[in-house]
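Let's take a friendly look at a protein together. Have the sequence and the 3D view open as you read.

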Amino acid sequence: MDRIPILKMGEYLLVTIQVDMHDQLALQLQDDLTQRISRESASGVLIDISSLDVVDSFIGRMIANISAMARVLDAQTVVTGMRPAVAITLVELGMSLEGVHTALNVERGMALLRRKVAASGG
Amino acid sequence: MVERSGSQRVFRTPGFGAVASTTSQVDELPLRRSEDIVRMRQVVRERAVRLGFGLVDQTKIVTAASELARNALVYGGGGVVEVADLSAGARNGLRLTFVDRGPGIDDIQQALKDGFTSGTGLGLGLGGARRLASDFAIESSPDSGTRVTIVRWR
């Protein structure tokens, strides 16, 4: 069973999605990340999707779910690197990912994540 | 509007089939497992690139295909997708036809509304795919299942 690797860096968890995920793989990542946030007491999660050339409603929902679950577990989530064509398509599909923090690239994403975590009292 | 004849329900967007076109390069791919959806996305992407689609158009048709393939798998119990190149004069297009032998969709108008789902999804599949395609048609019956056709013109 393949898995998307989750890296720990201090109080943050980092995920880079580099393959076109089938649905079970996406669900596995959602479960794994939720477990790791709890186990590592992570205060922030950064998910880089710059390699993804398609985000459909299933993957979009996974991203929204991770962000919501992390919030309930007192962690902040930032999604980075969404391609412009993916953003256009997602909005036309009807998914605007409300409540999900985004940044153009990983560098800006880490800066945003630090600010979010600081603001939440972490 | 949805037309009904017997147990058959049909919905087509106004432009559907309005352009006389010739069909070539017809391939059929199975939709039995979720890995098949990944494979199909790759094939549709390759075909769209070969037809000269721009990046946004490629992304739209691949995303629409992904939604409809998942519908065929989750609600239709699996099926097939037919991928065909279209040409009409100087225009190229890609036509995708998703066929399943599932229980069919009783109320197509309702199923096309955002947020309507009879399963675990978000209910963006059919309505979203319709918005992402140039032309869209759906035929459904409890006897023969569901056939959804989308065309994206370059």
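What follows is a short tour of a predicted model, first its sheet and then the contact between two chains.

**The sheet of chain B**

Strands of a sheet pair through backbone hydrogen bonds, in either a parallel or an antiparallel way. In chain B, 7 strands form an open sheet with antiparallel pairing, and their order is E1-E2-E6-E7-E5-E4-E3. The edge strands are E1(B) and E3(B), and each of these pairs on one side only. From one strand to the next, the twist averages 15°.

Let's zoom in on one edge. Strand E3(B) pairs with E4(B) in the antiparallel sense, over 8 bridges. To find one of the residues involved, look for B:Ser24: its bridge partner in E4(B) is B:Asp85.

A helix joins the picture here too. H1(B) packs on the sheet and touches E3, E4 and E5 of chain B. The direction of H1(B) makes about 165° with that of E3(B).

**Where chain B meets chain A**

How many residues of chain B are in contact with chain A? There are 22, and they are in contact with 18 residues of chain A. Three helices of chain B each supply at least two residues of this side:

| Helix of chain B | Residues |
|---|---|
| H1(B) | residues 34–50 |
| H2(B) | residues 55–74 |
| H4(B) | residues 125–132 |

The largest share comes from H2(B), with 9 residues. By character, the side of chain B that touches chain A divides into 8 nonpolar, 7 polar and 7 charged residues. Notice that H1(B) appears twice in this tour: H1(B) packs on the sheet, and H1(B) also supplies residues to the side that touches chain A.

Key:
Residues numbered from 1 in each chain as written. Chains lettered and ligands numbered in written order. Predicted model: local features only at pLDDT ≥ 70, side-chain atom pairs only at ≥ 80, totals over all residues. Contact = placed C-beta atoms within 7 Å. Helix = DSSP H or I, 4+ residues; strand = E, 2+ residues; numbered from the N terminus. Nonpolar A, V, L, I, M, F, W, Y, C, P; charged D, E, K, R; others polar. Pairing = 2+ DSSP bridges. Axes fitted to C-alpha atoms, helices over the stretch in contact; angles between N-to-C directions.
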